[in-house]
Amino acid sequence: MRVLTVNPGSSSLKVSLLDAGDEVLAEDSGGGHEMAGLVARLPRPDAVGIRFVHGGTDFTEPVRVDEKVTARLRELADLAPLHQPASLRALAEITGVLPDVPAVACFDTAFHATLPDAAATYALPREWSERFGLRRYGFHGLSFSYAVRRAGEMIGADPAALRMVVCHLGAGASLCAVAGGRSVDTTMGFTPLEGLVMATRAGSIDPGIPLWLMKHGIAPAEVNDALERDSGLRGLTGTGDMRRVRERAAEDDRAALAALDVYHHRLRACAAAMTASLGGLDALVFTGGIGENDPAVRLRLAEDLAHLGTRVDPGRNAAADGDTDVTAAGAAVRTLVVAAREDLEIAAGCPEVPAAASPARRREVVHKV
């Protein structure tokens, strides 16, 4: 059984072909215009799994795609304008090349379907919430779900027995408080705009700001574009690339130094809030492009949360490559780096994938194509 996984992100596209044992037979990262040619060159899959950021309240588990599902996914596109259109384009391209292969939509919002009402509810007029579905949905659920299971394996404990704060830090970024193996709080909300400072998104701001701007002549579309594409690190420094920000900070660039302070102020506050939702912390888990590859971000957050028991080993943290335990000796809280494997979550969501394929048996053999 072969499953083709398609993962459009806000700044990337990842395509992987996995076999029944979750070995990666082929993978590629590139623009959507390359995907049809790539798929045509690969062995024919038995199923295709596609990541969709937003499933609303309609989709809380993977679903076989048909015309009705596709129509509803289009309706949800304005809630995730950087991602949903890309996933819809990928779906159209894949079904054009493989019209007879079952396509399954897997949702980032699904992992957060367990949010308690207190965490999911906005203090808005009830009529609005019921009419428009205004609630906190949460995102990055495929990444969180895998990271939780993998962290349990690394610690040697049932994830259901651990209180974890999982940090998915990349171009898009969010945190998740996990108790009993389930999401109980998260930083993103109705859309992926809420929460942390990101590459191009502002994260949480006073809701009066966009209202004030529109009152003073800034068009709603311009406000939306600025909050989605020209804010965050890009708004503060001119670039959304954390590597460039850090390079400039090393050269004492004042804007870059200030941006890192803003980034970490929000990250520290949100991580502490997630811990408060859990009533304590057993594991701090980093994943995503920045979470996996920027040891300075991990070190600074661990130091910021030291009063909660987090400490990292400087050597292991600096040398971390893939799944790594970077906990300092004697630390009360385990700090882990988990390589993001959303492809495994997507494949696991396809009904055609045998139940015997479990995270514990998963291996990776990568051939670039």
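Arg51 and Asp108 are both buried, where buried means under 20% relative accessible area, exposed over 50% and partly exposed in between (1.4 Å probe, protein chains only). The side chains of these two residues meet in a salt bridge, with 2.6 Å from N to O; the term stands for a side-chain nitrogen of Lys or Arg within 4 Å of a carboxyl oxygen of Asp or Glu. The pair links distant parts of the chain, 57 residues apart: Arg51 belongs to strand S4 (residues 47–52), and Asp108 to the loop between strand S6 (103–107) and H4. Helices (H or I, at least four residues) and strands (E, at least two) are DSSP runs, numbered from the N terminus.

A word on the model helps before going on. This is a predicted model, in which local features need pLDDT of at least 70 and side-chain atom pairs count only at pLDDT 80 or more, while totals for chains, interfaces and linings use all residues. Residues are numbered from 1 along each chain as its sequence is written, and side-chain values use heavy atoms, with hydrogens and water left out.

Arg51 and Asp108 return in the lining of the second largest cavity, together with Val53, His83, Phe139, His140, Met188, Pro192 and Arg201. On a 1 Å grid over the protein atoms alone, a cavity is a set of points where a 1.4 Å probe fits but cannot get out, whereas a pocket is an open set with protein on both sides within 12 Å along at least five of seven lines; lining residues have an atom within 4 Å of a point. The count comes to 2 cavities of 30 Å³ or more, and the second largest has a volume of about 30 Å³. Grid points are joined across faces, edges and corners, and a volume is the space filled by probe spheres set on the points. The lining of this second largest cavity has 4 nonpolar, 2 polar and 3 charged residues; Ala, Val, Leu, Ile, Met, Phe, Trp, Tyr, Cys and Pro count as nonpolar, Asp, Glu, Lys and Arg as charged, and the others, Gly among them, as polar.

Turning to the pockets, the second largest has a volume of about 1000 Å³. It is lined by 25 residues, of which Phe190, Thr191, Leu193, Pro207 and Pro210 are the closest to its centre. Helix H7 (208–215) and helix H8 (220–229) are the elements that give two or more residues to this lining, and H8 supplies the largest share, 5 residues. By class, the lining of the second largest pocket divides into 17 nonpolar, 4 polar and 4 charged residues.

Salt bridges number 19 in the structure. Arg243 pairs with Asp241, their closest N and O atoms being 3.1 Å apart; Arg243 counts as exposed because its relative accessibility is 64%, and Asp241 is partly exposed at 26%. In another salt bridge, Arg248 and Asp253 have their closest N and O atoms 3.8 Å apart. Here Arg248 counts as buried, at 17% relative accessibility, while Asp253 is partly exposed, with 26%. Salt bridges that share partners also join Asp58, Arg72 and Glu75 into one network.

Elsewhere, Ala151 is found in helix H6 (residues 141–155) and is buried, with a relative accessible area of 0%. Ala151 and Val338 are 187 residues apart in sequence, yet 7.1 Å apart in space, C-alpha to C-alpha.
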